[in-house]
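The exercises that follow are meant to be worked through slowly, with the sequence and the three-dimensional view side by side. Try each task before reading its solution.

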Amino acid sequence: MALGNHNTFTEFLLLGFPEEPDIQALLFLLFLVIYLLTLMGNLMMLLLIGTDSHLQSPMYFFLSHFLSHLSFLDLCYSSVTVPKILENLLSQRKSISVEGCLAQVLFVLATGGTEGLLLSVMAYDCYAAICHPLMYGQIMSKQLCGGPVWASWGLGSLDVLTNCLLDLNLDFCKIQIIHHYFCELPSLFPLSCSDTSTNVAMLLCSVIFHAIWTCLLIFYSYARIVSTILSISSTSGRSKTFSTCSSHLNAVSLFYGSAVLRYLMPNSGSSLELILSIQHSVITPLLNPLIYSLKNKEVKAALRRTVLRYLQCQIAQKRQSIKEK
């Protein structure tokens, strides 16, 4: 098969999970529950940010702006892979079309790369809030806030264009079995009978560029944050200041920790490789809204206000219905 002009094969076989029916049924239920919780959590975050007037105030504009993009990315990232996992767990022939495989590659690159860049921008936001609180409004003004966010989207999309345009010319003439549960570029390269050296080099350049840009900004921001926290004399002051960035630090550790471990491993289809991939592409989008709702006091307060308004509205409706009777 070719992704270019030599379409001999039309599909790949995704054989990343055990073939025992009982195990596949349990996996289907597990992934279905995770996916539904992921949708609920991230949609809740988007609804919370869109409806809570307190989060729309200038003081919390940047937090809500970044979190809305992060929740949208997590929704997209999970929706690219999990529905196909659920379909294959129920079907006898666990296949994906050439077009579907390429689409997965495209969206995984776009959403994953953009989320990594966005997390680095959020690290700089934490640095500005903790290290320069009096100048925070000037450093992270509304005019400056949109630029880095849309630049993250632009660079993520540029990665997709440069890598996927090269991959369109790959010819696939070997056994079309991918020992994985979704399509990734590292999984496709060994199946190609074309010269993939240019494709591998371009992917490596993209990864290095992202790693240098994002890691430098994150390390610089947290080095300054740690220095500022250590300069505070009181223990309570240190704890309060650290809590400002603890939710972001958890999200960064979860996203980059699983990604680094997954993509530094050789592409062998081992159980550990699959577990790390599930952690990165399925579990992380589930946990991000939990991290920001449980660890961030502004989001927790907004959630309480929203629940309270909903309960008050329900009580008012019941009282109105009783009066009408």
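**Exercise 1.** In which helix do Glu-87 and Lys-84 both lie, and how many residues apart are they? Then state how their side chains meet and how accessible each residue is.

*Solution.* Bear in mind from the start that this is a predicted model.
Step 1: Find the two residues in the sequence; both belong to helix H2, where they are three residues apart, which is about one turn of the helix.
Step 2: Turn to the side chains, which meet in a salt bridge with an N to O distance of 3.2 Å. Side chains of opposite charge can pair when their charged atoms come close.
Step 3: Look at the accessibility of each partner: Glu-87 has a relative accessible area of 44% and is partly exposed, whereas Lys-84, with 15%, is buried, because buried means under 20% relative accessible area.

**Exercise 2.** Which residue forms a salt bridge with Arg-93, and which parts of the chain does the pair link?

*Solution.* Step 1: The structure holds two salt bridges, and in the one formed by Arg-93 the partner is Glu-11, with the closest N and O atoms 2.4 Å apart.
Step 2: Place the partners along the chain: Arg-93 sits in the loop between H2 and strand S2 (95-97), while Glu-11 belongs to strand S1 (residues 11-14), so that the pair, 82 residues apart, links distant parts of the chain.
Step 3: For accessibility, Glu-11 has a relative accessible area of 24% and is partly exposed.

**Exercise 3.** How many residues does the largest nonpolar core have, and which helix gives the most to this core?

*Solution.* Step 1: The largest nonpolar core has 32 residues, and those with the most contacts inside it are Leu-67, Leu-119, Met-122 and Ile-225.
Step 2: Among the helices that each supply at least two residues of this core are H1 (21-51), H2 (61-90), H3 (98-131) and H7 (197-230); H3 gives the most, with 10 residues.
Step 3: Take Leu-119 as an example: leaving aside residues up to four places away in sequence, Leu-119 touches Leu-70, His-248, Ala-251, Val-252, Phe-255 and Tyr-256.
Step 4: Note also a second, separate core of 19 residues, which includes Ile-85, Leu-86, Tyr-181 and Phe-182.

**Exercise 4.** How many cavities of 30 Å³ or more does the structure hold, and what lines them?

*Solution.* Step 1: There are two such cavities; about 80 Å³ of space lies in the largest, and about 40 Å³ in the second largest.
Step 2: The lining of the largest cavity includes Leu-14, Phe-17, Asn-88 and His-180, and its residues divide into six nonpolar, four polar and one charged. H2 gives the most to this lining, with three residues.
Step 3: Around the second largest cavity, the lining includes Asn-42, Leu-67, Asp-74 and Tyr-292, and it divides into five nonpolar, three polar and one charged. H2 gives the most to this lining too, with four residues, while H1, H2 and helix H9 (271-295) each supply at least two.

**Exercise 5.** Is Asn-296 buried or exposed, and where does Asn-296 lie?

*Solution.* Step 1: Asn-296 lies in the loop between H9 and H10.
Step 2: Its relative accessibility is 7%, and Asn-296 therefore counts as buried.
Step 3: Compare sequence with space: Asn-296 and Ser-246 are 50 residues apart in sequence, yet 8.1 Å apart in space from C-alpha to C-alpha.

Key. Residues numbered from 1 in each chain as written. Predicted model: local features only at pLDDT ≥ 70, side-chain atom pairs only at ≥ 80, totals over all residues. Heavy atoms only, no water. Core = buried A, V, L, I, M, F, W, Y, C linked by side-chain atoms within 4.5 Å. Buried < 20%, exposed > 50% of the residue type's maximum accessible area, 1.4 Å probe, protein only. Contact = heavy atoms within 4.5 Å. Salt bridge = Lys/Arg side-chain N within 4 Å of Asp/Glu carboxyl O. 1 Å grid on protein atoms, 1.4 Å probe; cavity = no way out; pocket = protein on both sides within 12 Å on 5 of 7 lines; lining within 4 Å. Points joined across faces, edges and corners; volume = space filled by probe spheres on them. Nonpolar A, V, L, I, M, F, W, Y, C, P; charged D, E, K, R; others polar.
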